[in-house]
Amino acid sequence: MLDDLILLWRSKRGDRKAFDVLYERHLDRLLTVAMHLLGNASDAEDAVQEVFASFVESLDTLTLRSSLRNFLAVCVANKSRDMLRRRNRPLAGPLGAAPPLDVPETLELVVHSEQANRLAEALARLPYEQREVITLHIHAGLTFRAMARALGVSLGTVQSRYRYGLNNLKTALNGEGQT
Amino acid sequence: MKRDKKMEDRVAEARYSGSDSVHRRIRSHLDEAWQRHLGHHGILVRLGIGGNAVARLSKVAFAALLLAFAAVWIVQIDRTTGSAYALQQTADAVGKIRYFHFQFVARPKEPAREAWIEYDPNDVIRNVRVNFYDQNSVMVWSEQATQYWKQDSHEMWVFRDDEYTEKILYFVQRHDPRQAIAYLQERAEHGGIRVDITQPQASTDPIIVTIEYDPNTYLIGKAQPRMREFYRIDPLTKLITSMDVEAFVDGRYMDKGTWEYIDYNRPFDSKTFDLKAEVPADANWSDTTGVVMGIEQGRLSDEEVAVQLVREFLNAWVAKDYDKAAQIYGYAAMGETKGLARMLSRRNVVQVVSIGPPVRAEEPLRGLFVPGEVEFEENGRKAAMHFNMQVSQYSRGYWRIRDLGMGK
């Protein structure tokens, strides 16, 4: 398996095959991040598509400050925020205030189970900031420190959003998952 | 912060996957963006920014990328050891180190290679030096050029070559602790390697991180058996002190050697990365940093430039302009170019019979293969000679021949 570093290097030099490997490698992870943040399959697809397109067009001048995986995930998070703001959707609302998940069959949960569905729905109802850090940490692999840098907030803020987010998830799932 | 692993695992299960139609739609959109990306190359060429300048630009960008890899050392927390040692601790420990000095000790105990890596204050890799004791040669890489001193042949090469840069960066990535830890984490995530951490009872004993590689996954593009690495981590500093390599051969693991990490953050002498002071005055110098090798792609497709490259090379050969043919071939060093010109002059190629069509090489090989046939004359008799030349892009927008593929 070629690693991202070398594939990106080749992509910069015009190697489409190398870029396609990168694309395939990151696509579903980014769709997952976008889906959890936007709660709508069509929006998630748009967000990921725009991030990839910007990524391609900036290949020549791209200066990364993180691994490619994290860079793309943060781009999707930023894009999702922009889209929600443009559409006047609440970034953070009280638990239960978010619209129900819109998941047409073009974007499907990898694990099809009642539990996974309930979890996804509960996650979608979290305040945006909480599901953002949960999604970026668990699905994109960002550390808390990296999230703090990317989101422009303190490490403590990220950690508390994460902790409250998981607690809220437990509450929403009627205590399931409590240790 | 106290972790809730059970809840985290449940969240991790809520992953989405795009259907084929989603993939198709996004890919189709990307095709347009990709054409604009390629178009940008064309603009650079049309503006008269030469290949070397373009190569420099991309190197700068790539150096920035590397810097990014090192600067924000984002590695997933290793959960296998709970609150005990995790690879992240080593990543943090090496994150601010600018000078790395290490060596590879082959069996029997002799240093085969020694390396020095320097980062600049912005965390960009500035210089890399490798002494190949087993080959009597020294290589110094920087963004501007690569210096290569071959003691046995008394030759000093200075050149710029993106593919060579790629190899150096790969070497750095595998063995420079700043890069290696994140590399291993990424590999672990994609499968093919297994990570095991053993923390000893005694607090002064080294922590052992064992990495197991499936066959043919140890180094890119090389067929290899199952491999194993043992990283020894200093329990106090969390720095890597050494790394043993073993290969699974004939039913058991065989010792291949040890990487020993000698110094951390001890600034190097300023002459470490300048071979001029070390190379004898009467060495044969070859500096090709200002010479265009191969041919420029321009607006040609990969397939078209591949055929054009082979055609120009063969036409020069038939015209007995061996120096031109060797230059089109595109060796990185002038000494090799002269050697190739001499070799070409020994074969009297009189006619190009056919060229192409080209076939794209399969990974890990790169570029395209261009088959064909030439006619040569020997002792007054003509004969056919088939070839299958491998050609590839060596610097953005420039292509060269990698292998003549004759007589195979």
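Visitor: What makes strand β9 (residues 207-213) of chain B and β10(B) count as paired?

Guide: Two strands pair if DSSP finds at least two bridges between them, and β9(B) and β10(B) share 7 bridges in the antiparallel sense, so the criterion is met. One of the partnerships is that of B:Val209 with B:Tyr231 in β10(B). This is a predicted model, in which local features need pLDDT of at least 70, side-chain atom pairs count only at pLDDT 80 or more, and totals for chains, interfaces and linings use all residues. Residues are numbered from 1 along each chain as its sequence is written, while chains are lettered from A and ligands numbered from 1 in the order in which they are written.

Visitor: Which strand does β10(B) form a hairpin with, and how many residues lie between them?

Guide: The hairpin is formed with β11(B), with 6 residues between the two strands, and B:Lys238 in the turn has a positive phi of about 70°. β10(B) is joined to strand β11 (residues 240-249) of chain B by 7 bridges, and the two run antiparallel, with B:Phe230 bridged to B:Asp244 in β11(B). Each is called a strand because it is a DSSP run of E of at least two residues, whereas a helix is a run of H or I of at least four, both being numbered from the N terminus.

Visitor: Which residues make up the covered face of β10(B)?

Guide: In strand β10 (residues 227-233) of chain B, the covered face holds B:Met227, B:Glu229, B:Tyr231 and B:Ile233, while B:Arg228, B:Phe230 and B:Arg232 make up the uncovered one.

Visitor: Why do β8 and β13 of chain B stand at the edges?

Guide: The open sheet of 12 strands in chain B has mixed pairing and follows the order β8-β9-β10-β11-β12-β2-β3-β4-β5-β6-β7-β13. β8 (193-198) and β13 of chain B each have a single partner strand, so one side of each is left without a neighbour in the sheet. Direction ignored, neighbouring strands of this sheet are turned by 15° against each other on average.

Visitor: How do you know that the pairing is mixed?

Guide: Strands of a sheet pair through backbone hydrogen bonds, either parallel or antiparallel. Strand β6 (residues 146-150) of chain B is joined to β7(B) by 5 bridges, and these two run antiparallel, with B:Gln147 bridged to B:Val158 in β7(B). On the other hand, β7(B) and strand β13 (residues 284-287) of chain B pair in the parallel sense over 4 bridges, and there B:Met156 has B:Trp285 as its bridge partner. In the hairpin of β6(B) and β7(B), which has 4 residues between the strands, B:His154 takes a positive phi near 60°.

Visitor: Why does A:Val48 count as buried?

Guide: A residue is buried if 20 or more other C-beta atoms, placed from the backbone, lie within 10 Å of its own, exposed if 12 or fewer do, and partly exposed in between. A:Val48 has 29 C-beta neighbours inside 10 Å and therefore counts as buried. A:Val48 sits in helix α3 (residues 41-57) of chain A. Apart from neighbours within four places in sequence, A:Val48 is in contact, meaning that the C-beta atoms lie within 7 Å, with A:Leu30, A:Leu31, A:Ala34, A:Val76 and B:Ile26. By the burial count, strand β7 (residues 155-159) of chain B is mostly covered, 4 of its 5 residues being buried, and 36% of the 408 residues of chain B count as buried.

Visitor: Why are α6(A) and α8(A) called roughly perpendicular to each other?

Guide: The axes of α6(A) and helix α8 (residues 155-172) of chain A come within 8 Å and cross at roughly 95°. Axes are lines fitted to C-alpha atoms, for helices over the stretch in contact, and angles run from 0 to 180 degrees between N-to-C directions. Angles under 35 degrees count as roughly parallel, over 145 as roughly antiparallel, 65 to 115 as roughly perpendicular and the rest as oblique, so the two helices are roughly perpendicular.

Visitor: Where is confidence lowest and where is it highest in chain A?

Guide: On the pLDDT scale, the predictor's confidence in each residue from 0 to 100, strand β1 (residues 107-109) of chain A is lowest at a mean of 61, and helix α6 (residues 128-138) of chain A is highest at 92. Chain A averages 79, and 77% of the residues score at least 70.

Notes: Contact = placed C-beta atoms within 7 Å.
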